[in-house]
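Me: I should like a close look at one part of this structure, namely the place where two of its helices pack against each other. Please set that contact out in detail and then place it among the sheets and pockets.

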Amino acid sequence: MFTIAVTDNYEQASSEAFRIMRAVLDKEHPVLGLATGSSPIGLYKKMIADHNSRGTSYKDCVTFNLDEYIGLPKNHDQSYYTFMHENLFDHLDIPEENIHIPAGDADDEEEECVRYEQLLKQYTLDIQVLGIGSDGHIGFNEPGASFDSVTHITALAEQTIKDNARFFEGKTDRVPAKAITMGLASIMRARKILLIAVGANKADAIYNMIKGPLSTDCPASILQNHEDVTVILDKEAASRLG
Ligand code: F6R
């Protein structure tokens, strides 16, 4: 079931996202599923501000990230490991051992997928933060990804490589071709989904996710089967919902 909030701008969208996150953080041992990309940055800024002003502690918090590029060392400036530390973890009191991100630099990537999924299965995510790709991907589950998928290796779709080139000096050939991602079935196990999308380039994906058929052509449409999905949009991303 979708609860949809259409906000005026990104700042408002981030405040609304934080309001939902805040309720989860009140739990004793919160387990957070986190995303990278531009969409959750405002939420992460608010989590940091709240930690600084109100002292909300993350000492008992466990996190799992959705995905990581294959082939980038952890300390690469575009690895999701670096992104998460720079944009969130380095500013909180979360113990490093409570942070889980797939190792995109593992010697055996298949084995890493199995390890990550097994670890993830030992927990239940209280919330999974998601962005959405302009092609409807969530995590790096690109169009055609199986609804039954768990953590796996995936090739990035051409559209995703184009979209993400902005983080690699605009050069598509610098964007890693593959990633490790939680699967759609892994994501669906979360108790609550919080999806943030802003901008006109997300309007088609949002429409297909909510109003389109349940189809692997739009991987995010699987969320139609989840009982607790909050979708936070700006007017542009919501423009096709009518
Ligand atoms: C990131 C992720 C991706 C992004 C999506 C949207 O960990 O899994 O699915 O959420 O590509 O990216 P932005 O927010 O940069 O538009």
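Reply: In this predicted model, helices H2 and H3 are oblique to each other, a description that follows from their packing angle. That angle is about 45°, and the axes of H2 (residues 41–54) and H3 (residues 80–87) are 10 Å apart. H2 brings Ile41, Tyr44 and Ile48 to the contact, while H3 brings Phe83, Met84 and Asn87. By character, the residues of this contact comprise five nonpolar and one polar, with no charged residue.

The sheets come next. Seven strands make up an open sheet with parallel pairing, and their order is E1-E10-E9-E6-E2-E3-E5. Strand E1 (2–7) and strand E5 (99–100) occupy the edges; each has a single partner strand, so one side of each has no neighbour in the sheet. Within this sheet, strand E9 (residues 193–197) and strand E10 (residues 229–234) are joined in the parallel sense by five bridges. Leu194 is found opposite Thr230 of E10. Helix H1 (residues 10–25) packs on the sheet, where it touches E1, strand E2 (31–34), strand E6 (127–130), E9 and E10. The direction of H1 makes about 160° with that of E10.

A further open sheet has three strands in the order E4-E8-E7, and its pairing is antiparallel. Here E4 and E7 are the edge strands, each with a single partner strand, so one side of each is left without a neighbour in the sheet. On average, and with direction ignored, neighbouring strands of this sheet are turned by 25° against each other. Strand E4 (residues 67–69) is joined to strand E8 (residues 178–181) by three bridges, and the two run antiparallel. Strand E7 (residues 152–155) pairs with E8 over four bridges, in the antiparallel sense. Ile180 of E8 is the bridge partner of Glu68, and Ile180 is also the bridge partner of Ile153. Thr154, for its part, has Ala179 of E8 as its bridge partner.

Two pockets complete the picture. The largest pocket holds about 430 Å³ of space. Its lining consists of 25 residues, and those nearest the centre are Gly37, Ile132, His137, Asn164 and Lys202. Helix H5 (residues 158–164) gives the most to this lining, with three residues. The lining of the largest pocket divides into nine nonpolar, twelve polar and four charged residues.

The second largest pocket holds about 180 Å³ of space. It is lined by 15 residues, with Lys74, Tyr81, Ile99, His100 and Ile101 closest to the centre. E5 and helix H4 (109–121) each supply at least two residues of this lining, and the largest share, three residues, comes from H4. The lining of the second largest pocket divides into seven nonpolar, two polar and six charged residues.

To return to the part requested, the H2 and H3 contact involves Ile41, Tyr44 and Ile48 on one helix and Phe83, Met84 and Asn87 on the other.

Definitions and conventions: Residues are numbered from 1 along each chain as its sequence is written. This is a predicted model: local features need pLDDT of at least 70, side-chain atom pairs count only at pLDDT 80 or more; totals for chains, interfaces and linings use all residues. Side-chain values use heavy atoms; hydrogens and water are left out. Axes are lines fitted to C-alpha atoms, for helices over the stretch in contact, and angles run from 0 to 180 degrees between N-to-C directions. Angles under 35 degrees count as roughly parallel, over 145 as roughly antiparallel, 65 to 115 as roughly perpendicular and the rest as oblique. Contact means heavy atoms within 4.5 Å. Ala, Val, Leu, Ile, Met, Phe, Trp, Tyr, Cys and Pro count as nonpolar, Asp, Glu, Lys and Arg as charged, and the others, Gly among them, as polar. Two strands pair if DSSP finds at least two bridges between them. On a 1 Å grid over the protein atoms alone, a cavity is a set of points where a 1.4 Å probe fits but cannot get out, and a pocket is an open set with protein on both sides within 12 Å along at least five of seven lines; lining residues have an atom within 4 Å of a point. Grid points are joined across faces, edges and corners, and a volume is the space filled by probe spheres set on the points.
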